[in-house]
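The following questions ask on what grounds certain terms are applied to a structure. Each reply sets a value against its criterion.

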Amino acid sequence: MTTYRLQVNGKVHAVDQDADTPLLYVLRNDLELNGAKFGCGLGQCGSCTVLLDGKPAMSCMVPVSVVGQRPVRTVEGLGNATTPGVLQQAFIDEQAAQCGYCIAGMLMQATALLERTPAPTDAQIRAHMSPNLCRCGTHMRILRAVRRAANTLAAKGKP
């Protein structure tokens, strides 16, 4: 076991783990951040998506040993039940969650998109969101939610 210092949602955490332990397990088991979900364990569904240094990463595939000093952001870093972030509110308003299992990953994937491309086209949204799967089939509501969030952020003058 090795002690790793991880910056997650703006806070530094020391965790003792084996080098090959997936970041997802550290987030859920050590830090009790349960937003990211274990879906496929193969990096193919997106349920475990977090932002690693501002870019989407499938946390089930990222060994804790490679995180280093790069900041990690999880859905818990976007807002909470009483004060949801703009994107979270858009997902609520568009009723984009059915079972909700994929939503944390979808939110993180969409966050990365909106931070890089504040006014994405529908084609850009579809392409960027394609790694994340929704088994319930709420993809159209998810697309509307991302569009709504982009419009809300633009109206507030935020990228």
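**Grounds for the terms used**

In this predicted model, Ser59 touches Pro22, Leu23, Leu24, Leu27, Ala36, Cys48 and Val50, leaving aside residues up to four places away in sequence.

Q: Where is Ser59 found?
A: Ser59 lies in the loop between strand E4 (55-58) and strand E5 (72-73).

Q: Why is Ser59 called buried?
A: The term buried requires a relative accessible area under 20%. Ser59 has a relative accessible area of 0%, and is therefore buried.

Q: What makes the chain as compact as a globular protein of its length?
A: The chain has five helices and five strands, in the order β-β-α-β-β-β-α-α-α-α along the sequence. Its radius of gyration is 15 Å, close to the 15 Å that the globule rule gives for 159 residues, so the chain is as compact as a globular protein of that length. Buried residues account for 43% of the 159 residues.

Q: Why is the pairing of Asp93 with Arg148 called a salt bridge?
A: The criterion is a side-chain nitrogen of Lys or Arg within 4 Å of a carboxyl oxygen of Asp or Glu. In the pair Asp93 and Arg148 the closest N and O atoms are 3.5 Å apart, so the criterion is met. Asp93 belongs to helix H2 (residues 86-93) and Arg148 to helix H5 (residues 139-155), so the pair ties together parts that are 55 residues apart in sequence.

Q: Why is Asp93 described as partly exposed?
A: Partly exposed covers the range between under 20%, which is buried, and over 50%, which is exposed. Asp93 has a relative accessible area of 39% and is therefore partly exposed. Arg148, with a relative accessible area of 33%, is likewise partly exposed.

Q: How do you know that Glu94 counts as buried?
A: Glu94 has 15% relative accessibility, and the limit for buried is under 20%, so Glu94 counts as buried. Arg144, at 35% relative accessibility, counts as partly exposed.

Q: What makes Asp93, Glu94, Arg144 and Arg148 one network?
A: The side chains of Glu94 and Arg144 meet in a salt bridge (3.1 Å, N to O). This pair links Glu94, in the loop between H2 and helix H3 (103-116), with Arg144 in helix H5, 50 residues apart. The side chains of Arg148 and Glu94 also meet in a salt bridge (2.9 Å, N to O). Arg148 in helix H5 and Glu94 in the loop between H2 and H3 are 54 residues apart. Salt bridges that share partners thus join Asp93, Glu94, Arg144 and Arg148 into one network.

Key. Residues are numbered from 1 along each chain as its sequence is written. This is a predicted model: local features need pLDDT of at least 70, side-chain atom pairs count only at pLDDT 80 or more; totals for chains, interfaces and linings use all residues. Side-chain values use heavy atoms; hydrogens and water are left out. Helices (H or I, at least four residues) and strands (E, at least two) are DSSP runs, numbered from the N terminus. The radius of gyration is taken over C-alpha atoms; the globule rule is 2.2 Å times the number of residues to the power 0.38. Buried means under 20% relative accessible area, exposed over 50%, partly exposed in between (1.4 Å probe, protein chains only). Contact means heavy atoms within 4.5 Å.
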